[in-house]
Amino acid sequence: MILRSPAFHLCNNIRKQAKLSNKIYYHVRTTHSYLVKYPENNLAYCTNPSFKDKYYDSNNVNLDFLPQLHQNGCLRDQFSLNKIISTCAKWSLFTVGIQTHCQIIKMGFDSNVFISTALVDMYGKCGVITVAQQLFGEMPERNVVTWNALISGYLDSHYPENAIVMFLEMLREGITPTPSSVSAVLVGCTLLEACELGAQLHALSWKAGFALHLVVGTVLIDMYSKCLDLETSRRVFNQMPERNVITWTSMITGYAQKQCPFQAMTLFKEMLKLGIRPNYVTYTSLLSSFSCPDYLVHCEQVHCHIIQQGFNTNHYLVVTLLSVHAECSCTLEDFQKLWSDIIKWDEISWNAVIAGFSNLGVGGEAFTCFTRMRRAGFTVDHYTFASILKAIGNISGLEEGMQTHCLALKTGYTFEVFIQNGLLSMYTRCGKLEDAERIFSSMEERDLISWNSLLTGCAHHGYGRDVMVMFEEMRRCGIKPDLTTFLTVLSACRHAGLLDEGIKYFDLMKNDNSLPPPKLEHYACIVDLYGRAGHLLEAEAFINNMPIKPGPSVFKSLLSACQLHGNKELAVISAKKLVELFPNDPATYILLANVLASEGNWNDAEGQRKLMLDRGLSKKPGYSWL
């Protein structure tokens, strides 16, 4: 089978680093001079079960011990040498491995295919891929394991393109691939998101008879999931006769990455029924699929299971739980309880706490944690800046925002689009539209979030017509609007009283097949547009023709319009609908009472307020920052 793939450009050509390769080989072939140059290494530790700790903890190394091993016959056979090389590969002990290579050359084992293959693997895992490639090229004999070692070395060195090229060359030389060969190259396809090439490798696996192999199947699931082909990924999963915890975790991760929490949770329950014990990666992937208040109950259920399984002390899981609970809008009390479970305070922990307070709208606490993080000497990154800028925007803390802006300038993060968008949003929320426009104009690259942030700021401050001008400019720049963009434009039209323009943009959104169907918020904007313009009958007809069930926001918009224009009959109908949908919402009774009172029906208005009190409801009082 011939694999056809896009042309891969070899990054970091081997010839560019020939000097480094020759230098290392010079040290290999001059053993004694190398030992003098690296006196801190001692090969003897590789034969000790606890050699790793001793190798890194001991500063005094007996250089005479290496020849003693040779004199005692410890390094005279290929099996002992192979074992030492494998140990060096496992722990990336390059300097010890190169000494072993010296010994191999002296003893004449350098032409042995098994030892040379182990050396290729060792150099690849130590990140010296140019030496691995040179050694591979000098080998008089190679087998499929040798090719696999070099392919894996390129993957370990973060050169997936080179790994794929080597695999194609292996096929051209007539070497039959093994499951390890295919699984390694599939990892490269996953990193490059080369789904077409991955599908060809899948076909090659069927042809070779190991498509249902445990490792190959697991990597295929991961590859298709990363390429956003969940249907094929699930089909591979269902076909596999054997699955381990990594296989299940890969499938759950695929659902989580595509924000399919229901499917991920169902698969997790099925996994438990079969007696497969999840690991911390399984829980982390499952939790990452919960990102809205609707899934808070599921998040709490998984948390209970984590405690039962004894993973509640795992640092990464604790941080993940903290982040997910905040995204699901948990209570501040629950968030603080989770916060107290953190034992290890590092950049990840602080970022999770700051992001959590930011998501919960507690901007002051977020900024306090940000200050404590800096005082503790931890480095802030782009994730920290994005979270704190969002928190500052929530509290309209202009002074704190400007200080954070200065810090971002000093640390060089203001050139990232991610941070520029955060600054843009922060300044618009603080009412500094001129500063926001200045940042927007200075951006070399603008994405959808950049445009949405500026549009939202202008709409929020009443610049309705400016929003429409910017929206058209955004479309001319080739940026495709999403539902959030249209909601911003509709809100701007609503506040500016632009009924015809609002209906035009609503139809544009509704007829765009590439977008999801409009949500309740979009319909509520149109109802409000009709209501503000006094077209109450058109608003009622629009509600009756909605393809989705009207929510409370829709009827509240109509009820407010009835109050504005004094339509008692329609107000009563809307209020009854609201009471049916949300009988415990005091705003409904207040709105209806105000409509009745404006018409002079004081007894009916008083009756509505009394009914609200009899049901134990009370309106939350408003408050001002001024």
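1. Helices here are DSSP runs of H or I with at least four residues, numbered from the N terminus. By that count T282 sits in helix α17. Bear in mind that this is a predicted model.

2. Staying with T282: its relative accessible area is 0%, and since buried means under 20%, T282 counts as buried. Setting aside residues up to four places away in sequence, T282 touches V245, T249, I252, F268 and M271. Of these partners, T249 and I252 are themselves buried residues of α15, so that helix is a natural place to go next.3. Helix α15 runs over residues 245–257, and its length checks out: 13 residues at 1.5 Å a residue should span 18 Å, and the end C-alpha atoms are 18 Å apart, which agrees.

4. How many of the 13 residues of α15 are buried? Ten of them are, which leaves the helix mostly covered. The buried set is T247, W248, T249, S250, M251, I252, T253, G254, Y255 and A256. As for what covers them, these buried residues pack against α13 (214–226), α14 (230–239), α16 (261–273) and α17 (280–288).

5. Both ends of α15 deserve a look. At the N-terminal end, N244 acts as a cap, with a side-chain oxygen 3.1 Å from the backbone nitrogen of I246. Just after the helix, Q259 adopts a positive phi of about 55 degrees.

6. Elsewhere in the chain, I115 belongs to helix α7 (residues 113–125). Is I115 buried or exposed? Its relative accessible area is 0%, so I115 is buried. Leaving out neighbours within four places in sequence, I115 is in contact with Q78, L81, N82, I85, I104 and F109. One of those partners, I104, is eleven residues from I115 in sequence, with the two C-alpha atoms 8.4 Å apart.

7. Last, a helix pair. Two packed helices are described by the angle between their axes and the distance between the axes. For α30 (residues 499–510) and α31 (residues 520–532), the angle is about 160 degrees and the axes are 10 Å apart. Angles over 145 degrees count as roughly antiparallel, so α30 is roughly antiparallel to α31. The crossing of α30 past α31 is left-handed. On the α30 side, the contact is made by L499, G502, I503, F506 and M509, and on the α31 side by H522, Y523, I526, L529 and Y530.

Methods. Residues are numbered from 1 along each chain as its sequence is written. This is a predicted model: local features need pLDDT of at least 70, side-chain atom pairs count only at pLDDT 80 or more; totals for chains, interfaces and linings use all residues. Side-chain values use heavy atoms; hydrogens and water are left out. Helices (H or I, at least four residues) and strands (E, at least two) are DSSP runs, numbered from the N terminus. The expected span of a helix is 1.5 Å times one less than its number of residues. Buried means under 20% relative accessible area, exposed over 50%, partly exposed in between (1.4 Å probe, protein chains only). Contact means heavy atoms within 4.5 Å. A polar contact is a pair of N or O atoms within 3.5 Å; within protein, one must be able to donate a hydrogen and the other to accept it, and residues adjacent in sequence count only if both atoms are side-chain atoms. Axes are lines fitted to C-alpha atoms, for helices over the stretch in contact, and angles run from 0 to 180 degrees between N-to-C directions. Angles under 35 degrees count as roughly parallel, over 145 as roughly antiparallel, 65 to 115 as roughly perpendicular and the rest as oblique. A crossing is left-handed if the near helix is turned anticlockwise from the far one by less than a right angle, and right-handed if clockwise.
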